[in-house]
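Visitor: Could you take me on a close look at one part of this molecule? I am new to this, so please go step by step.

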Amino acid sequence: MTDSNGASPARSLTTHDVRDHYNQFAWAYRRYWGDHIHHGLFLTGQEAPGEAQEQMLRYCAARGVVQPGMRVADVGCGHGATANFLAREHSCHVLGLTISEKQLKLARRLCRGLDGTTKFELADAEAYAFPASSFDVIWNMESSEHFFDKAAYFRKVRAAIKPGGTLMVAAWTGSMRSPLVRNIAQVFLCPELWTTAEYVKQIESAGLRVLSSEQLASEVVRTWDLAAEQIRRSRWLLSILPAQFREFARGVDLMREGFHSGQLTYSVIVAARG
Ligand code: SAH
């Protein structure tokens with residue numbers, strides 16, 4: 001089997017593998033990255049990791065046209081930290097979807113006390129029946145990489161966005177023609193990564209109008225430099241953990257190489273339903 005780029009998928013990945021990964025890694029992500037499972041935006045290089053992650057959220061919220069009181073679908077919501085942030089800082093009403101039972105529990109716990117402004121559901125976003133014209137913003141932060149049919153997903157969520165509403169996609173981007181990018185996709189359980197141009201093309205084909213598309217690299221790579229330092233300090237722990245954790249540690253170096261070599265970028269794409 002080959003994908004649209006003629007590259008062979010590394011192995012037959014399933015949605016269950018993705019779910020198992022996030023169930024199994026929940027404690028490790030929380031311990032090393034906190035409740036945000038996404039890149040930090042390091043503009044000065046002096047930011048603490050959590051501060052850089054919130055900075056990334058502010059950056060994306062500003063581009064994604066998030067306004068007070070909006071209804072947001074956070075697709076692939078992780079531990080609920082983005083929903084928590086959007087509800088607290090922007091008074092948004094957030095529906096978070098995750099494929100992982102463990103994340104669902106953590107997200108509900110994190111957002112307890114937010115007066116019903118957040119709601120979480122266990123769902124495979126690719127199979128989820130999004131209600132029509134219901135969201136001001138569909139927010140995909142570092143989740144679309146895991147989707148098996150991204151083009152179909154974008155066609156589906158277009159109908160779920162209110163007229164005038166937006167789709168915000170923050171994603172790891174690179175060409176599957178690159179062996180390094182294919183390797184990254186395999187280690188991090190992504191059926192395939194796309195380039196920014198591929199995202200833009202498919203989002204437009206889905207009937208949305210791309211308002212902005214930006215590529216970051218040097219501003220986010222520190223996330224992995226810090227992870228590499230943590231791994232160096234935890235070598236002993238890594239040696240006794242299951243093999244998947246060592247595979248993740250290998251992925252940290254691949255990510256650094258990807259960003260430093262220019263083969264990988266971090267794209268923030270915003271599109272509107274006209
Ligand atoms: N957006 C969060 C988490 C990113 S990690 C953050 O920024 O912190 C990737 C997320 O995508 C995880 O929550 C995982 O459960 C979710 N995910 C991956 N495939 C999914 C699918 N098919 N349906 C729903 N969620 C999915």
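Visitor: Why is strand 4 (residues 135-141) largely enclosed by the rest of the structure?

Guide: Happy to help, and please keep in mind that this model is predicted. Strand 4 is largely enclosed because 7 of its 7 residues are buried. To count as buried, a residue must have under 20% relative accessible area.

Let's look at the neighbours of this strand. Strand 1 (residues 71-75) pairs with strand 4 in the parallel sense, over 3 bridges. You can find one of these pairings by looking for V72, whose bridge partner in strand 4 is V137. Strand 4 also pairs with strand 5 (residues 161-173), again in the parallel sense, and here there are 6 bridges. To see this pairing, start at W139 and look across to M168, its bridge partner in strand 5. Now follow the chain from strand 4 to strand 5: together with helix 5 (residues 150-160), these two strands make a right-handed β-α-β unit.

Next, move to M141, a residue of the ligand's surroundings. A backbone N or O atom of M141 lies 2.9 Å from a nitrogen atom of the ligand. Taken alone, the ligand exposes 570 Å², and the protein buries 98% of that. Other residues reach the ligand too: D124 has a polar side-chain atom 2.9 Å from a ligand nitrogen, while a polar backbone atom of A123 is 3.4 Å from a nitrogen atom of the ligand. There are 19 residues around the ligand, and I37, G76, Q103, D124 and A125 come nearest.

For contrast, let's visit some charged pairs. Side chains of opposite charge can pair when their charged atoms come close. The structure holds 10 salt bridges. One of them joins E89 and R58, with the closest N and O atoms 2.8 Å apart. This pair links distant parts of the chain, since E89 sits in helix 3 (residues 81-90) and R58 in helix 2 (residues 49-63), 31 residues apart. E89 counts as partly exposed at 38% relative accessibility, and R58 does too, at 39%.

Another salt bridge connects D253 with R256, where the closest N and O atoms are 3.8 Å apart. These two residues are 3 residues apart in helix 10 (residues 243-261), so about one helical turn separates them. D253 is partly exposed, with a relative accessible area of 44%, and R256 is partly exposed at 24%.

So, to come back to your question: strand 4 is largely enclosed because 7 of its 7 residues are buried.

Methods
Residues are numbered from 1 along each chain as its sequence is written. This is a predicted model: local features need pLDDT of at least 70, side-chain atom pairs count only at pLDDT 80 or more; totals for chains, interfaces and linings use all residues. Side-chain values use heavy atoms; hydrogens and water are left out. Buried means under 20% relative accessible area, exposed over 50%, partly exposed in between (1.4 Å probe, protein chains only). Helices (H or I, at least four residues) and strands (E, at least two) are DSSP runs, numbered from the N terminus. Two strands pair if DSSP finds at least two bridges between them. A crossover is right-handed if, with the strands pointing away from the viewer, the path from the first strand over the helix to the second runs clockwise. A residue is near a molecule or strand if one of its heavy atoms lies within 4 Å of it. A polar contact is a pair of N or O atoms within 3.5 Å; within protein, one must be able to donate a hydrogen and the other to accept it, and residues adjacent in sequence count only if both atoms are side-chain atoms. Accessible areas come from the Shrake-Rupley method with a 1.4 Å probe; for residues, only the protein chains shown count as cover. A salt bridge is a side-chain nitrogen of Lys or Arg within 4 Å of a carboxyl oxygen of Asp or Glu.
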